[in-house]
Amino acid sequence: MATQGGIVFQEKVSRLLRGQNGKPVLKPNRALVLKDAVANRKPKKGEASCITEMSVLMACWKQNNFVDSLCSNEINSFYMCVEKAQADAKNKAGQSNIQGGRLPPKQATGLLKRYPNLCKEI
Amino acid sequence: MAASISGLLKPWTPRVFLVRWSRYNPYYLEPEVSKEAYSRPETELSAEEKEQRELKALRPIKAATSGVTSSVFDDPVISKFINMMMKHGNKVLAREIMTQTLENIKKKQVEKYHKASEGEREVIECNPYTIFHQALENCKPVVGLASIQKGGKYYQVPIPLTDNRRRFLAMKWMITECQDNKHRRTHMYEKLSQELLAAFGKEGNVIKKKYELHKMAEANRAYAHYRWW
């Protein structure tokens, strides 16, 4: 079934290249072959996490002349916020792969490399 | 004589192969060196830990490095510090310096203890390991600076640091401080013990460096929004 559809497709492509009345429709400068890779998507720019905690910490530092023992509460809350943000980022990276109905570009490229487009018979 | 000549004719293979620094297959698991991990009874373990144990029974495991031991005196922080001090692979010298440093700290503290009055004696800490850990904790920065490009210019942006990065920075500052700012006649262990005791008391050049980093971060707090993670 695939080979039948393949033959018809090849005839179509050759007609486009030869062209009607001697004028070809397509003038490809590269071979009409599919690549084994997918273009990368631009990663979405997030926003900075834990800014409020950081600003609270810095205000405390300014007040107490940068002595850390007096700002221990703020420091602890900052660390907890950072840990939570890191855990959130990890979870998000796992979830966004399933939604959207499409594979993310890295996984698609990996799959294509494992089952590449065969150009030659050797 | 005949035996040795025929021995030379055989193809020679070394008896011991260097395995640890070759690249392991990711299938191999890390070894568990501490004895406490094995002495816990079955009932105490959670489901995950039981699964981990079963997995370790089936999977191949990497060889342990010669830097880790299962003894009670093995401390990963001190091992890391020794590795960072080591130059040209001379681990023996780095370990010697470390042990001399700890001994020196103990000597100084015991001297202080005996000279102090009854009331002050309880406050003086004599265990060099606790002094080392506390000094390192005091040297760790809370926020760091990252060079981020925005609109053609580079800005120093305050960012949160991971634990590993903070520990690395503290150790690096300590070692560079002791290597650079000392008289050529003072030994490394002497200078290290001085710096560690100063850091334990929240004074000294390393603590000053940490405060300068904090001040820079506080001065650049307006650029904190340039971060995107």
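A salt bridge, as I use the term this morning, is a side-chain nitrogen of Lys or Arg within 4 Å of a carboxyl oxygen of Asp or Glu. With that in place, let me turn to the structure above, which is a predicted model.

I begin with the interface of chain A and chain B. By the rule just stated, 2 salt bridges are counted between these chains, against a count of 11 over all chains. One of the interchain pairs joins B:Lys210 to A:Asp68, and the closest N and O atoms there are 2.6 Å apart. The other pair is B:Glu218 with A:Lys62, where the closest N and O atoms are separated by 4.0 Å. This second pair runs from helix H10 of chain B, residues 205-219, to helix H2 of chain A.

How many residue pairs are in polar contact across the interface of chain A and chain B? The rule finds 4 such pairs, with both residues at pLDDT 80 or more. On the side of chain A that touches chain B, two elements give two or more residues: helix H2, spanning 51-64, and helix H3, spanning 72-95. Of these, H2(A) gives the most, with 6 residues. Sorted by class, that side of chain A has 12 nonpolar, 4 polar and 4 charged residues.

As for the extent of the interface, 20 residues of chain A are in contact with 20 residues of chain B. The area buried between the two chains is about 1,800 Å², and carbon and sulfur atoms give 66% of that area.

I now move to chain B by itself. Its division is into domain 1, covering 5-58, and domain 2, covering 76-226. The C-alpha centres of these two domains of chain B lie 34 Å apart.

My last topic is a hairpin in chain B. Strand S1, residues 143-150, pairs with strand S2, residues 153-160, in the antiparallel sense over 8 bridges. Within this pairing, B:Ser147 stands opposite B:Gln156, while B:Ile148 stands opposite B:Tyr155. In a regular strand, side chains alternate between the two faces of the sheet.

Which residue of the hairpin of S1(B) and S2(B) takes a positive phi? That residue is B:Gly151, with a phi near 65°, in a hairpin that has 2 residues between the strands.

Thank you; I welcome discussion.

Notes:
Residues numbered from 1 in each chain as written. Chains lettered and ligands numbered in written order. Predicted model: local features only at pLDDT ≥ 70, side-chain atom pairs only at ≥ 80, totals over all residues. Heavy atoms only, no water. Domains from an automatic or database assignment. Pairing = 2+ DSSP bridges. Helix = DSSP H or I, 4+ residues; strand = E, 2+ residues; numbered from the N terminus. Contact = heavy atoms within 4.5 Å. Buried area = accessible area lost by both parts, 1.4 Å probe. Polar contact = N/O pair within 3.5 Å; in protein donor to acceptor, adjacent residues only side chain to side chain. Nonpolar A, V, L, I, M, F, W, Y, C, P; charged D, E, K, R; others polar.
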